[in-house]
Amino acid sequence: MACGMVPVLKRPVLTTQRLRLEPLTLDHTEVVVAIDADPEVMRFLTGHERSRGEVVRQWLPHMTDPALDTLGLGFWVGYADDEPVGWWCLTPRGELREEEPATAWLGYRLLPSAWGNGYATEGAEALLAHGFESVGLERVRAETMAVNTRSRAVLDRLGLHPVQTYVGEWEDPLPGWEQGEVVYLMTDAEWRLR
């Protein structure tokens, strides 16, 4: 490698005991559309399903941003027995990139048919391992509504801990908004002590 060149990281395929996590591309459009079309999945995110057009125009360009690959970060689609079960992400947050350059945000959405099987935790743990051990992250954060007990249970099982609760101002608030959003954190040192 020439002096001064930075190695280009790519999102690898990640595997767990039951899941294969593939880097999300436009080939996964129908999986993302199906997930966001389910009102139960979107209950604590938008409060309603997203249309195919919304997903394709507004969400997929962000999910398939090639700049994330150079960081080794981005979105993955998970499969169990070759059936899609959901997607996971480990991404930097635009407004915090300069403040916390070695930080990524963890997220996940699963199809309701996959709920209750431990897939959310299993896939997220694979992303945490990738982020801390391969990418060299110093911190991973996550955020969810205080009333989203299922997502909070996943974050607790992973070992992330709440560090902040805030009540935002929303144009169209969802039920439970007054209890706030909870921000979770795990550091590299905490990951290595697990």
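Helices and strands are here taken as DSSP runs, of at least four and at least two residues respectively, and are numbered from the N terminus. In these terms, His28 of the predicted model lies in the loop between strand E2 (20-23) and helix H1 (29-36). The residue has a relative accessible area of 7%, and because buried means under 20% relative accessible area, His28 counts as buried. Leaving aside residues up to four places away in sequence, His28 is in contact with Glu22, Pro23, Val77 and Tyr79.

The protein as a whole contains six helices and eight strands, and from the N terminus on these elements follow the order β-β-α-α-α-β-β-β-α-β-α-β-β-α. Of its 194 residues, 46% are buried, and the accessible surface comes to about 10,400 Å², with 51% of this area belonging to carbon and sulfur atoms. Among contacts between residues at least 6 apart in sequence, 63% join residues that are at least 24 apart.

Eight strands form an open sheet of mixed pairing, in which the order is E1-E2-E3-E4-E5-E6-E8-E7. Strand E1 (14-15) and strand E7 (161-166) are the edge strands, each pairing on one side only. Strands of a sheet pair through backbone hydrogen bonds, either parallel or antiparallel. At the E1 side, a hairpin joins E1 to E2 through four residues, and the two strands run antiparallel with two bridges between them; Leu14 stands opposite Leu21 in E2. Strand E2 is in turn paired with E3 in the antiparallel sense over four bridges, and here Pro23 has Trp76 of E3 as its bridge partner. The side chains of E2 alternate, in that Leu21 and Pro23 point to one face and are buried, whereas Arg20 and Glu22 point to the other face and are not buried. Pro23 and Glu22, although their side chains point to opposite faces of the strand, are both among the residues that His28 touches.

Further along the sheet, strand E4 (residues 83-91) and strand E5 (residues 103-110) run antiparallel and are joined by six bridges, with Leu90 standing opposite Leu106 in E5. Helix H2 (residues 52-63) packs on the sheet, where it touches strand E3 (74-80), E4 and E5, and its direction makes about 95° with that of E3. Helix H4 (residues 119-135) also packs on the sheet, touching E1, E2, E3, E4, E5, strand E6 (139-145) and strand E8 (181-187), and its direction makes about 35° with that of E4.

In soluble globular proteins, nonpolar side chains tend to be buried together. The largest nonpolar core of the model has 33 residues, and those with the most contacts inside it are Trp88, Leu90, Leu106, Tyr108 and Leu128. Two or more residues are given to this core by each of E3, E4, E5, H4, E6, helix H5 (149-158) and E8, and H4 gives the most, with seven residues. Leu90 and Leu106, which belong to this core, are the residues that stand opposite each other across E4 and E5. Tyr108, when residues up to four places away in sequence are not counted, touches Trp87, Trp88, Ala120, Ala124, Ser151, Val154 and Leu155. Apart from this core lies another, of 18 residues, including Val31, Met63, Leu68 and Tyr79; Tyr79 is also one of the residues in contact with His28.

Key: Residues are numbered from 1 along each chain as its sequence is written. This is a predicted model: local features need pLDDT of at least 70, side-chain atom pairs count only at pLDDT 80 or more; totals for chains, interfaces and linings use all residues. Side-chain values use heavy atoms; hydrogens and water are left out. Buried means under 20% relative accessible area, exposed over 50%, partly exposed in between (1.4 Å probe, protein chains only). Contact means heavy atoms within 4.5 Å. Accessible areas come from the Shrake-Rupley method with a 1.4 Å probe; for residues, only the protein chains shown count as cover. Two strands pair if DSSP finds at least two bridges between them. Axes are lines fitted to C-alpha atoms, for helices over the stretch in contact, and angles run from 0 to 180 degrees between N-to-C directions. A nonpolar core is a set of buried Ala, Val, Leu, Ile, Met, Phe, Trp, Tyr and Cys residues joined through side-chain atoms within 4.5 Å.
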